[in-house]
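Please open the model in your viewer and follow the stops below in order. Each stop gives a selection and what is found there.

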Amino acid sequence: MSEFLAVWSSLPEYIRTSVWILIVTVAVILSVAFTTLWERKFIGWIQLRKGPNRVGSFFGLVPGIFQPFADVIKLLLKEVVVPSASNKWLFRVAPAITLIPAFAAWAVMPLDPNLVIADIDAGLLYILSLTSVGVYGVILAGWAANSKYAFLGAMRSAAQVVAYEIAMGFALVGVVMAAGTLNLGDIVRAQQGGLGNWFFIWLFPLFVVYVIAGVAETNRAPFDVAEGESEIVAGFHVEYSGIAFALFFLAEYANMILISALTAVFFLGGWLSPFDGLLAADHPLAVPGFHWLFLKLFFFLTCFMWYRATFPRYRYDQIMRLGWKVLIPVTLVWITVEGVMVWFGVGPWSR
């Protein structure tokens, strides 16, 4: 092991970075695959049914474990139909525009105290920029298909993303005020000292707004009017099939994982242990690491599925009202309250 570490340290920086990019990309793709399986199993349990249980088994413990790979093979073998009246170049490139930002955002994600691909000081701005770019793929997909249903879904999605992106940005202003930095690793370190120093306690209204906005940004139920099956027949990707549709599917789940990880980093201490400060520093439960980030990420990811199985789809006017008239005023009020707490040194700002 020591020989491997010595060889690894001797490699040029660009090679090590490329290897980490490859590892993280493959890990995210596999995570998306098994997230689809977990969602179908979890919702199946909620609805008192078994979910996928035919394709493969892991020593008889996880029936249906190869279902995601069967789905991928099915989609790869399906024909990709490009409508004759569509803008063919934009129709083909739109799925990639949606998918690439969801993967590129992981470049600045602090996975461990010593592991981040690009430790840049403006990491938060980088994340906000990329999450804003992803919606262009949705808009282009709806417009380039030259279909009224697809275009209607694209316009719905654009209006929804704008409304909730503002609320999400204001929620992160509170995080920046609390941490005093835009670096994601430093935001995590600012929450050291145990559960009482995590931002979700002192910024709870902003935490709730961020979670709601994250669900809306990913077009997940109950905010999935952009692809409402009962209204506009899958919305912006109604004309897509085969691997082109699979890329939109991949982007949606990759964004779910990304939003879950960002929620953990911004409000729940990222890779920090909840027992930090309560147990000895060398105690296994107090040691920070990727496993804590994974557990928090998995919890929020499961919440996405719980919402889908629990809430009915909101009407479009209800979604717009919630975004513009409720969430944005809540963030503005709490940013003001936080400013007062900072001024008088209340809570974590008393340190």
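Start with the whole protein chain, coloured by burial if your viewer allows. This is a predicted model, and of its 351 residues 46% count as buried. The accessible surface comes to about 17,200 Å², with 70% of that area belonging to carbon and sulfur atoms.

Keep the full chain selected and switch to a cartoon. The secondary structure comes to 13 helices and zero strands, so every entry in the element order, read from the N terminus, is α. Reduced to C-alpha atoms, the protein chain fills a box of roughly 65 × 55 × 45 Å along the principal axes. Does the radius of gyration agree with or depart from that of a compact globule? It agrees, because a compact globule with 351 residues would have a value near 20 Å and the protein chain has 21 Å. Of the contacts with a separation of 6 or more, 74% join residues 24 or more positions apart.

Next, select the charged side chains. There are 21 positive and 21 negative charges in the protein chain, and their mean positions are 12 Å apart.

**Stop: Asn53**

Select α2 (13-46) and α3 (67-77), then the loop between them, where Asn53 is found. Is Asn53 buried or exposed? Neither label applies: with a relative accessible area of 27%, Asn53 is partly exposed, since that class lies between the 20% limit for buried and the 50% limit for exposed.

Show the side chains of Asn53 and Arg54, which are joined by a polar contact of 3.0 Å. Leaving aside residues up to four places away in sequence, Asn53 touches Lys41, Pro63 and Gly64. For a distance across the model, pick the C-alpha atoms of Asn53 and Phe223: they lie 29 Å apart in space, with the two positions 170 residues apart in sequence numbering.

**Stop: Ser273**

Move to the loop between α11 (242-267) and α12 (290-310) and select Ser273. Ser273 has a relative accessible area of 1% and is therefore buried, the cut-off being under 20%.

Which backbone oxygen does the side chain of Ser273 reach? The partner is the backbone oxygen of Leu285, at 2.4 Å. Now display the residues that Ser273 touches, again without those up to four places away in sequence. They are Trp198, Leu285, Ala286, Val287, Pro288 and Trp292. Leu285 thus appears in both selections, as a residue touched by Ser273 and as the owner of the backbone oxygen reached by the Ser273 side chain.

Definitions and conventions:
Residues are numbered from 1 along each chain as its sequence is written. This is a predicted model: local features need pLDDT of at least 70, side-chain atom pairs count only at pLDDT 80 or more; totals for chains, interfaces and linings use all residues. Side-chain values use heavy atoms; hydrogens and water are left out. Helices (H or I, at least four residues) and strands (E, at least two) are DSSP runs, numbered from the N terminus. The radius of gyration is taken over C-alpha atoms; the globule rule is 2.2 Å times the number of residues to the power 0.38. Buried means under 20% relative accessible area, exposed over 50%, partly exposed in between (1.4 Å probe, protein chains only). Contact means heavy atoms within 4.5 Å. Accessible areas come from the Shrake-Rupley method with a 1.4 Å probe; for residues, only the protein chains shown count as cover. Lys and Arg count as positive and Asp and Glu as negative; His and the chain ends are not counted. The place of a charge is taken as NZ of Lys, CZ of Arg, CG of Asp or CD of Glu. A polar contact is a pair of N or O atoms within 3.5 Å; within protein, one must be able to donate a hydrogen and the other to accept it, and residues adjacent in sequence count only if both atoms are side-chain atoms.
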